[in-house]
Amino acid sequence: MRALVVFALLAAATAVAEAYPQYQLASDVTCTGCHLSPAGGGLLTENGLAVAESSAWRGNDPKFLHGALELPGWLELGGDARLAAGMVDNGKASGAAYPMQAELHASAGARGFSLTVDGGVRRPNEDTGIASAFWSREHYVMWQQAPGETEGLFVRAGRFAPVYGLRFAEHVAYTQRYGGSPLYAEAYGASVEYVARAFEVHATGFVHDPIATAWEKGDGGALYAEVRLSEHAALGAEGKYASASDQQVAYGGITGKLYLPGPDVLLQGEGELVRRSITGDKATSVIGYLLATRKFSYGVMADIAVGHYQADTRVAGLYRDAIDVNVHWFETSHLEWLLTTRLELLDHGAGTNGGYALIQVHYRL
Amino acid sequence: MGSRDMNLATQCGSATQDRRRARAAVSGAPMIALAALVAAAGCGSDGDDRPLTLEVITLEVLAPACGAAQCHSSVTQLEGFAFDTLAGGREALRRDAARILAVIDDQTMPPDSPMDPHDIALLHAWVDAGKPGL
């Protein structure tokens, strides 16, 4: 019975297919090496399709609908569907299933200008009804200084997630869930972004969505800058401020990426401080996440990560740590299977412990 | 390739394996600094000095545990509850504080991750104090 309750309540818990930054540095690329967006995620470039194809166990046509539909050069189409099922444990283990994502993506462009729109379904708002299930998470216009290239200036305006920190596909990473880039962090804004092999900078000013509710309730700005210290190492700095009617939140942190060619392992880490100001109180949170990734033969990629979240630095023991193990299997360039597991310890195991083990399937159109 | 396609050739590194190893070794410092920042995070007082206010209960306790966008937020309003804003938390707690505490106490909620005992204790202390701010 409990499993059914959990299923019913969580059936629409959603996630969004984002980028796989695990490929960065290990493949000598920036996000724009594989994605149309300078922030990564979403539609793939020609090279991104080739990487998806070469990383998969079985070869097939990586293009939209397996190449069945020939698209003109100015149009890119795509889509993502994800669902997951398995066991979750919040102190009491139970079954769970998560329809996570069902979205179509389109981008049309010429002469450096493009319009990118996605549309999909999510769990409807129970107060406003079924119409709220259909939405567009991202829609923006973009100007690119060097069309078709991976480097240069990008200017975007519309609804998108302000670029902040490491942007993993798994939104449960502590720095995303408790930091400044959780699920549905999209807002309306404008960004100026410069991407080069030596460095990249993303500056975004945003206001919260006044029509469709989103995670972001504040207005403010986000900045992310990353410098490649060497061919396989990068250091980044991040900052974000959002002022809402009931709180002001300031985020700051650093990121690091280091590819070790010998063991063929990519390390990515992020440490973050969050300062929350509300009426009568100010609280500081500390968040960290460190991920090691290795790609294997047969389309397999494995991650091992540790996360730390201290919700309020004033309270001893108010923290949790996570050990995440993910095994991705890219069966084809369109089909990914993911075993994702977490062991979560409260107060170093002094509190109730939890975790999950889920199988996720992701189909890219 | 269309005009928006990227040039594969620009994606290929040309350095030797030895150069890569040497550079990687030199540039490990950021990862060490990052680990130090994370490791430094274990401080705090033995007691819980957080104020017993509706703002703290909603925005510092319930929002991160229950108010993720896909859960009891203003995005989805699961069960009619939204803990991601002060207004939503006030409404939910006014309507059903006893039920909210009950499902937390019996570990029905939050279903995906254990709630911290410090936070549960603070919730009870706030109720015992007469739910100030509600």
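This section describes the nonpolar cores, a helix pair and some unusual backbone geometry in a predicted model. Local features are restricted to residues with pLDDT of at least 70 and side-chain atom pairs to pLDDT 80 or more, whereas totals for chains, interfaces and linings use all residues. Residues are numbered from 1 along each chain as its sequence is written, and chains are lettered from A in the order in which they are written.

Chain B contains 5 helices and 0 strands, where helices (H or I, at least four residues) and strands (E, at least two) are DSSP runs numbered from the N terminus. Of its 134 residues, 45% count as buried, a residue being buried if 20 or more other C-beta atoms, placed from the backbone, lie within 10 Å of its own, exposed if 12 or fewer, and partly exposed in between.

The largest nonpolar core (a set of buried Ala, Val, Leu, Ile, Met, Phe, Trp, Tyr and Cys residues joined through C-beta atoms within 7 Å) has 57 residues, of which A:Tyr184, B:Ile57, B:Val61, B:Leu62, B:Ala69 and B:Phe83 touch the most other members. At least two residues each are supplied by α2 (46-55), β5 (139-144), β6 (152-160), β7 (187-195) and β9 (219-230) of chain A and by α3 (54-66), α4 (86-105) and α5 (117-128) of chain B; the largest share, 9 residues, comes from α3(B). Another core, of 23 residues, lies apart from this one and includes A:Phe168, A:Ala173, A:Val249 and A:Leu290.

Helices α4(B) and α5(B) pack at an angle of about 155°, with their axes 11 Å apart, the axes being lines fitted to C-alpha atoms over the stretch in contact and the angles running from 0 to 180 degrees between N-to-C directions. The pair is therefore roughly antiparallel, a description applied to angles over 145 degrees. In this packing, B:Ala97, B:Leu101 and B:Ile104 of α4(B) meet B:Ile120, B:Leu123 and B:Val127 of α5(B), contact requiring C-beta atoms, placed from the backbone, within 7 Å.

In the loop between α4 and α5 of chain B lies B:Pro110, which is joined to B:Met109 by a cis peptide bond with omega of about -15°. Most residues other than glycine have a negative phi, and most peptide bonds are trans. A positive phi of about 50° occurs at B:Gln77, in the loop between α3 and α4 of chain B; B:Gln77 is buried, with 20 other C-beta atoms within 10 Å. Phi is also positive, near 60°, at A:His66, which counts as partly exposed because it has 13 C-beta neighbours inside 10 Å.

Key:
Parallel < 35°, antiparallel > 145°, perpendicular 65-115°, else oblique. Contact = placed C-beta atoms within 7 Å.
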